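Hi,

Here is the structure I said I'd pass along. Have a look, and my notes follow underneath.

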Amino acid sequence: MMAIVAMVNQKGGVGKSSTTMHLGGALARRGLRVLVVDNDAQASLTKGLLGDESARSLDPVTTVYALYAGVPTPEDLLVRATDFDGLALLAGSPASISFNVPDPHLIDPREQAVLRDALRPIAEGFDVTLIDCCPNLQRATWSALLASDAALIPTMPELFGAQGLAEVRDWVALVEQTWGRSLPVAGVLITMFNGRRAMHRTFAELLADGCPELFEATVPESADFPEAIAAGKPIHYHKARGAAAKAIDAVANELLTRLADLGLRADTDESDDLSSKEAA
């Protein structure tokens, strides 16, 4: 059973790409087949996994651009293995920005569904697919929502970081209105959380009161994350036993449980539990 999750927030800088990379690594490390899709023309996720120079040298027709452009690129050229077992990448490209138009729900429905129709057959070969989305609500993000089974909303515990929540919920509702299918929010995930900051604690409490989908787990503010990205590695391949990796494990556990609750994967079993693998 596969699950496709769109990582979405209208606000930039909330940790979508970073969370996608580290969460993808954490899920793959416990034996799941994971595909991360760079659906942002900035291609930050691609640069994080392949390196800046390699990302810039990619032929656009071997990236997500091909899906939007309708280029019949073979799947084995689109889906790249990474240096990390079980983790594959469908790379992004700056060339895809030309498709990222506003008011995408008003364009031809066939064009709206291009990413969905191309990606879902590819995703069948994976247990979990995470789509890293642009920091805006235009066609790329809309297409990702149409292609997904659920949405995950990373947000910072500050006013600016959370300002996009209402807009994302509006778009999720618009998917149901225009396409007649429910798109559940698998969770709202606080990122860059620093428990020593009163504002972060207060904001987390406010979100907990008004947001039933709020994850109990948080992604902490930690220098380990940018260091891992600079090294081109998900956090578990940088500092596997550090506090940052353990925090991502907690996020992964909660995500898998929620996907199971939504009927998007089998109940979490022992093979999904990283702690049991580490103890073995």
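**Ser-143 and its surroundings**

Leaving out neighbours within four places in sequence, Ser-143 is in contact (heavy atoms within 4.5 Å) with Tyr-68, Gln-112 and Leu-115. Ser-143 sits in helix H8 (residues 139-147); helices here are DSSP runs of H or I with at least four residues, numbered from the N terminus. With 0% relative accessibility, Ser-143 counts as buried, meaning under 20% relative accessible area with a 1.4 Å probe, protein chains only.

Before you go further: this is a predicted model, where local features need pLDDT of at least 70 and side-chain atom pairs count only at pLDDT 80 or more, while totals for chains, interfaces and linings use all residues. Residues are numbered from 1 along each chain as its sequence is written, and side-chain values use heavy atoms, with hydrogens and water left out.

**Cysteines**

How many disulfides does the structure hold? Zero, taking a disulfide as a pair of cysteine sulfur atoms within 2.5 Å. For Cys-134, the closest cysteine sulfur is in Cys-133, 7.1 Å away and too far for a bond. Cys-134 is also buried, at 4% relative accessibility. Cys-211 is in no disulfide either, as the nearest cysteine sulfur, again that of Cys-133, is 18 Å off. Cys-211 is buried too, with a relative accessible area of 5%.

Cheers

Technical notes: Buried means under 20% relative accessible area, exposed over 50%, partly exposed in between (1.4 Å probe, protein chains only). Helices (H or I, at least four residues) and strands (E, at least two) are DSSP runs, numbered from the N terminus.
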